[in-house]
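Here's a quick walk through one protein model, helix by core. Have the chain open as you read.

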Amino acid sequence: MELRHLRYFVAVAEELNFSRAAERLHMAQPPLSAAIRQLEQELGAELLLRTTREVRLTEAGATFLEGARRTLAELDRAPSDAQRAAAGDLGSLRVGFSWNARFETLPAIGRAFRLSHPDVSLLTEEMWNARMLPALRSGVIDAAVSLCPEVTGKFSYVRVRSEPVIALLAQSHPLAGRDAIELHALSEEGFLLFPRELAPRLYDFMASFCRHAGFEPRIRGESFHSGWELQILADVDVLALAPASVAFDLPEGVASVALAEPADQLDTAIVWRKDDPSPANRAFRSAAERAVGEHLLEAR
C-alpha cells in the first residue's frame with residue numbers, strides 16, 4: 001500500500017466526487033479512479049459505492065477513512081515532531097535528585113521547565129548520591145540534581161545553588177529558640193548524619209565543618225534521613241546539620257537555628273554525562289538558571 005493511495009482515497013471520501021477529488025489533487029480523473037480500484041483490490045474490500053448519480057462510502061470505507069486520516073496526520077506531524085525533539089521541545093527527561101532538592105530547588109526548576117517546555121515530560125526519582133553516577137552511566141537517569149555531587153571525568157556538572165548550613169534541633173533543646181548559635185556550642189552533642197556509604201562527600205563536608213569549629217563530631221548510630229522520613233526526629237534528642245532549604249518544611253517538633261560563624265556553602269549541582277547531546281537536558285539546565293536565579297558556572 002502506498003501513501004499516495006491513502007491521500008487519494010481521503011480526497012475522494014471527503015469530496016464524494018471523483019472529478020472534484022481529482023481537481024483537489026491536481027491530477028486527471030482516470031488515474032485517480034485506477035488508484036482507488038487498486039487500493040480496494042489490495043485490501044480485498046469495497047470502499048466506495050459508485051453509481052451514475054453518487055459516490056458513497058461503504059462501512060469498510062468509513063472505517064478505513066478514520067485510519068487513513070490518522071496515518072496521514074501522524075506522517076504530517078512527524079517532521080515537526082523531529083524538529084521539536086531536536087530543539088529539546090518534545091520528549092522526556094529522567095532526573096534523579098538528592099533529598100534536599102525536594103524542598104525548594106527541584107520544584108522551582110520544574111516550574112520553570114514546565115513553562116518553557118510544556119511538552120517534555122519530567123520523570124523524577126529521589127536517590128542517594130552514591131547511586132547517581134551509576135544511574136547516569138547506565139542511562140537510568142539523564143540528569144541528577146545533586147547535593148555535594150560525586151563527579152568523575154566522564155561527567156559534567158554546573159552549580160545551580162549554594163546555601164548555608166543550619167542546625168536542626170528538637171524544639172525541647174535549650175538552644176532551639178536562639179536566632180543563631182556558634183557551632184562549637186554543640187560540640188558535646190551527638191550528631192545524626194547521612195550514611196557515609198550513601199553520600200560520601202556530604203558526610204565528609206559535615207564532619208570537616210565540625211572539625212573547623214574545633215571539635216570532632218560524635219556520630220550517633222541512627223540515620224538522619226531515616227528519622228526524617230519516619231517522622232520520629234522530634235522523639236529523640238535530635239541534632240543534625242543540613243542545608244538551609246530544609247527549613248522550608250520541617251517535621252513537627254523540630255526547629256532550625258542559623259549558625260553564627262561563616263562557613264563554606266553547600267552546593268547543589270546538575271550532573272550529566274559528557275557524551276549526552278540531549279537538547280532537553282540542555283534546556284533543563286537553562287531552566288535551572290532561570291529558576292534559582294544564579295548564574296550557572298561553566299561545565300567542568
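What follows covers one helix, one loop glycine and the nonpolar cores.

A word on the ground rules: this is a predicted model, where local features need pLDDT of at least 70, side-chain atom pairs count only at pLDDT 80 or more, and totals for chains, interfaces and linings use all residues. Residues are numbered from 1 along each chain as its sequence is written, and side-chain values use heavy atoms, with hydrogens and water left out.

Let's start with α6, residues 129-138 (helices are DSSP runs of H or I, at least four residues; strands are runs of E, at least two; both are numbered from the N terminus). N129, M132, L133, A135 and L136 are buried there (under 20% relative accessible area; exposed is over 50%, partly exposed in between, with a 1.4 Å probe and protein chains only). Down the helix axis these buried residues fall within an arc of 165°, taken from the directions from axis to C-beta atoms, so they line one face of α6.

Here is what that buried set packs against:

| Strand | Residues |
|---|---|
| β3 | 91-97 |
| β5 | 143-147 |
| β6 | 155-163 |
| β13 | 266-273 |

Right after α6 comes G139, with a positive phi near 85°.

G153 sits in the loop between β5 and β6 and is exposed, at 58% relative accessible area.

Now the largest nonpolar core (buried Ala, Val, Leu, Ile, Met, Phe, Trp, Tyr and Cys joined through side-chain atoms within 4.5 Å): it has 34 residues, and L183 and L241 touch the most other members. A second, separate core of 21 residues includes L32, L39, L47 and V55.

How values were computed
Contact means heavy atoms within 4.5 Å.
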